[in-house]
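Here is a short set of exercises to work through with the model open in your viewer. Try each task yourself before reading its solution.

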Amino acid sequence: MIQLWQSVLSVVVPGVVLAVIKRQLDWRGPRLVYYISGVLSQRILVPAQPTPASPQAASVQQTQPVSLNAYTLTIRNTGNTPARNIDISHPIWPLHHQVSPLLQYNIVPFEGQGPRLIRIHSLGPKESVSISYVYGAIQATRAEDILEYVRSEDGPAQQIGVILNQVYPRWFNQLVVLLCGLGLVFIGVIIWWLFPPLLQGIH
């Protein structure tokens with residue numbers, strides 16, 4: 001009985017692992033992820049428009065405060081085929097936007113609502129695009145105010161959270177992967193040696 005379980009595990013476990021790895025390697029298609037960063041709120045002073053009724057308008061430079069919010073949306077294709085017709089929907093259209101790097105895109109208006117969509121024609125595998133927005137303070141105070149959805153022909157993109165992390169050298173990352181692999185092998189050997197005594201204790 002013990003030898004039967006050992007034979008079954010020796011076939012099933014490697015087979016499942018290889019099937020998962022093969023599925024990941026054989027999978028083809030775009031995978032879009034996005035995140036919002038660079039959230040800034042600025043209060044600047046701009047020259048006020050002089051009024052004809054004020055005789056001191058020409059001699060006294062008056063200013064008025066203006067609040068502006070700035071956001072950056074980053075979209076990345078982590079898949080292995082191009083993502084096409086990427087739509088970025090905005091509940092409120094920004095005062096200004098800039099796409100970087102420069103890609104071919106269109107602004108799609110909705111009837112009676114004005115411009116609502118930025119449509120990027122194509123984003124290649126492992127490529128990223130960033131869109132910087134400038135909004136008025138009343139226009140947008142939350143991330144939900146500037147972004148409704150991001151999707152391509154293949155479906156909606158996944159929003160991810162991003163934090164700052166230290167970038168380690170490549171050799172360090174490879175060493176960590178090697179140590180993790182050796183640790184998994186060591187754990188597998190321990191389980192393999194402990195499995196027959198556990199079966200004997202059960203029976």
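A polar contact is a pair of N or O atoms within 3.5 Å; within protein, one atom must be able to donate a hydrogen and the other to accept it, and residues adjacent in sequence count only if both atoms are side-chain atoms. The model is predicted, so local features need pLDDT of at least 70 and side-chain atom pairs count only at pLDDT 80 or more, while totals for chains, interfaces and linings use all residues. Residues are numbered from 1 along each chain as its sequence is written, and side-chain values use heavy atoms, with hydrogens and water left out.

**Exercise 1. Confidence and layout**

Find which element of the protein chain has the lowest mean pLDDT and which the highest.

*Solution.*
- Step 1: pLDDT is the predictor's confidence in each residue, from 0 to 100. The chain averages 77, and 70% of the residues score at least 70.
- Step 2: List the elements, where helices (H or I, at least four residues) and strands (E, at least two) are DSSP runs numbered from the N terminus. The protein chain has two helices and ten strands, in the order α-β-β-β-β-β-β-β-β-β-β-α.
- Step 3: Helix 1 (residues 2-26) has the lowest mean, 59, and strand 3 (residues 83-89) the highest, 93.
- Step 4: Keep a caution in mind: where pLDDT is low, the predicted coordinates should not be read in detail.

**Exercise 2. Polar contacts of S89 and H90**

Work out which side chain makes a polar contact with the side chain of S89, and which one is joined to H90.

*Solution.*
- Step 1: S89 is found in strand 3, and H90 lies in the loop between strand 3 and strand 4 (96-100).
- Step 2: Check burial, where buried means under 20% relative accessible area, exposed over 50%, and partly exposed in between (1.4 Å probe, protein chains only). S89 is buried at 2%, and H90 is buried at 0%.
- Step 3: The side chain of S89 makes a polar contact of 2.6 Å with the side chain of E148. The side chains of H90 and Y133 are joined by one of 2.7 Å.
- Step 4: Add the contacts (heavy atoms within 4.5 Å). Leaving out residues up to four places away in sequence, S89 touches R116, L117, I146, L147, E148 and Y149. With that exclusion, H90 touches R116, L117, I118, Y133, Y135 and I146.

**Exercise 3. Salt bridges**

How many salt bridges are there? Describe each pair.

*Solution.*
- Step 1: Apply the rule: a side-chain nitrogen of Lys or Arg within 4 Å of a carboxyl oxygen of Asp or Glu. The count comes to two salt bridges.
- Step 2: D87 pairs with R119, with the closest N and O atoms 2.6 Å apart. D87 lies in strand 3 and R119 in strand 6, so this salt bridge ties together parts that are 32 residues apart in sequence. D87 is buried at 12% relative accessible area, whereas R119 is partly exposed at 29%.
- Step 3: E148 and R116 meet in a salt bridge of 2.9 Å, N to O. E148 lies in the loop between strand 7 and strand 8 (149-152) and R116 in strand 6, so the pair ties together parts that are 32 residues apart in sequence. E148 is partly exposed at 45%, and R116 is buried at 13%.

**Exercise 4. Backbone checks**

Locate the cis peptide bond from S100 to P101 and explain what is notable about the phi of N85.

*Solution.*
- Step 1: Start from the general expectation: most residues other than glycine have a negative phi, and most peptide bonds are trans.
- Step 2: The bond from S100 to P101 is cis, with omega near -5 degrees. P101 is found in the loop between strand 4 and strand 5 (105-110).
- Step 3: N85 is not a glycine, yet its phi is positive, about 50 degrees. N85 is found in strand 3 and is partly exposed at 32% relative accessibility.

**Exercise 5. A residue inside**

Is I75 buried or exposed, and which residues does I75 touch?

*Solution.*
- Step 1: I75 lies in strand 2 (residues 63-77).
- Step 2: I75 has 0% relative accessibility and counts as buried.
- Step 3: Beyond four places away in sequence, I75 touches L32, V33, Y34, I86, I88, L123, E127, S128, V129 and V150.
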